[in-house]
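The following exercises concern the reading of a predicted model. Each task is followed by a solution in steps.

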Amino acid sequence: MNKPCICIFILLILTACRQQPETALLIIPVDTKQDHPIALSVIADNVEAVELELTDNSMIGNWYMGERVVCTSNHILFLDMHKNQLLLFNRKGKFLRQIGKQGQGPGEYTRITDIAADEKENRIYISCYHKGLIYDFKGNYLKPFSIPGEGAEYLLSKPDGLIAINTRVGTEREADGAFHNTCILYKLNKDLQITDSLKILSVAFEKSIWIGSPYPDFISVAGKDTFVNRPVYIPEPVTRDTLFQMKGHQLLPNARLAFSGEAFAPNGWKNIIIHHIYRSSRYIFSRCHAKEDTQTSYFCYDTQTGQSNNAKNGYIDDFHTQEKVRIRSFKENAEMFYYIHPAQTDDDNGDEPNPMLYIGTLKK
């Protein structure tokens, strides 16, 4: 039998439980073969529809190929990853301006990897390859900032500064003969100076390779609590099934998804690909799929009632579209979520409007 050509072994950096303070680990059974449709009204108090204004400068591309939405008290930032543009709207969907532009010069970006915003400090953060950029909400370029390595694949604005996550790609063989990709979380203060760093995980490969994340939702913030899950999208003999809580300089296990027997293939490699695990104060969510399953599983666990549901290909939007939708948490506030859906149009000239943005609030 051929040896797997990508992974040699996995070195899990998340520290051993015996070295950490005792914490109650919530273990949640998951059966991805089930399909129990979940209506949004079961988990959400309300869902607001926002029509994103279409102008010559605010046309959104193939949003289903990748997007990131950041919502503040007064603004909506829409990162269109297909067209590599950052659009600023007000909360009612009126287009205000494009933030920055593509290029190689000062204040210009190449490929945007993530965004974050601090409305109180009038700052918009953009991470792109090899650098970070700061703008204000008027679109003025302020200054650059730096993150070690190739730049941040994930940004999160917090009251005391910024969190950035990146993966350092191993370029030389280490003592074990492998190339190690190491994922590191950096804490930056208000002056964007690195004050702390935390190694999240390390993955060993037979060759130097970079594996990106199509769903970089690594952190969820629920009130004063911050949770971390960094998925790995390659064959390996371990599932990334645990959600960790940040406590100072430690990551403590908070909840583990206990997948049923199909979690591993007969050869011992994982059969479940977890896209992300995140939580609000009440709910724990996951998006995943089994390797042989063409449908994506959306799992939701209610910590108040103990009830769990696994639905295929999304949640039923019984507020607006009456169709299945794929919700995504706002990383700054996991009590809220959003989803995007094609807008209805009666326009005879054939112009396709921007998609509708829907913003929901979870029950507590």
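**Exercise 1.** Determine in which strand A164 is found, whether A164 is buried or exposed, and which residues are in contact with A164.

*Solution.* Step 1: A164 lies in strand β13, where strands (E, at least two residues) and helices (H or I, at least four) are DSSP runs numbered from the N terminus. Step 2: the relative accessibility of A164 is 0%, so the residue counts as buried; buried means under 20% relative accessible area, exposed over 50%, and partly exposed in between, with a 1.4 Å probe and protein chains only. Step 3: apart from neighbours within four places in sequence, A164 is in contact with I147, A152, Y154, L155, I184, L185, Y186 and L188, contact being heavy atoms within 4.5 Å. Step 4: I124, 40 residues from A164 in sequence, is 14 Å from A164, C-alpha to C-alpha.

This is a predicted model, in which local features need pLDDT of at least 70 and side-chain atom pairs count only at pLDDT 80 or more, while totals for chains, interfaces and linings use all residues. Residues are numbered from 1 along each chain as its sequence is written, and side-chain values use heavy atoms, with hydrogens and water left out.

**Exercise 2.** State how many residues the largest nonpolar core has and which strands supply at least two residues each.

*Solution.* Step 1: a nonpolar core is a set of buried Ala, Val, Leu, Ile, Met, Phe, Trp, Tyr and Cys residues joined through side-chain atoms within 4.5 Å. Step 2: the largest such core has 20 residues, and I165, L185, I200 and I219 have the most contacts inside it. Step 3: at least two core residues each come from β12 (154-158), β13 (161-168), β14 (179-188), β15 (194-205), β16 (219-222) and β18 (242-247). Step 4: β15 provides the largest share, 5 residues. Step 5: a separate second core of 19 residues includes I43, F285, Y315 and Y339.

**Exercise 3.** Describe which way the residues of β16 point and how β16 is joined to β17.

*Solution.* Step 1: in a regular strand, side chains alternate between the two faces of the sheet. Step 2: in β16, I219 and V221 point one way, S220 and A222 point the other way, and all are buried. Step 3: β16 runs antiparallel to β17 (residues 225-228), and 4 bridges join them; two strands pair if DSSP finds at least two bridges between them. Step 4: A222 has D225 of β17 as its bridge partner. Step 5: the two strands form a hairpin with 2 residues between them, and G223 in the turn has a positive phi of about 65°.

**Exercise 4.** Give the strand order of the open sheet that contains β22, and identify the strands at its edges.

*Solution.* Step 1: the order is β20-β21-β22-β23, with antiparallel pairing of the 4 strands. Step 2: β20 (272-279) and β23 (308-312) are at the edges; each has a single partner strand, so one side of each lacks a neighbour in the sheet. Step 3: the twist from one strand to the next averages 15°, with axes fitted as lines to C-alpha atoms and angles running from 0 to 180 degrees between N-to-C directions. Step 4: β22 (residues 297-302) is joined to β23 by 5 bridges, and F299 has N310 as its bridge partner in β23.
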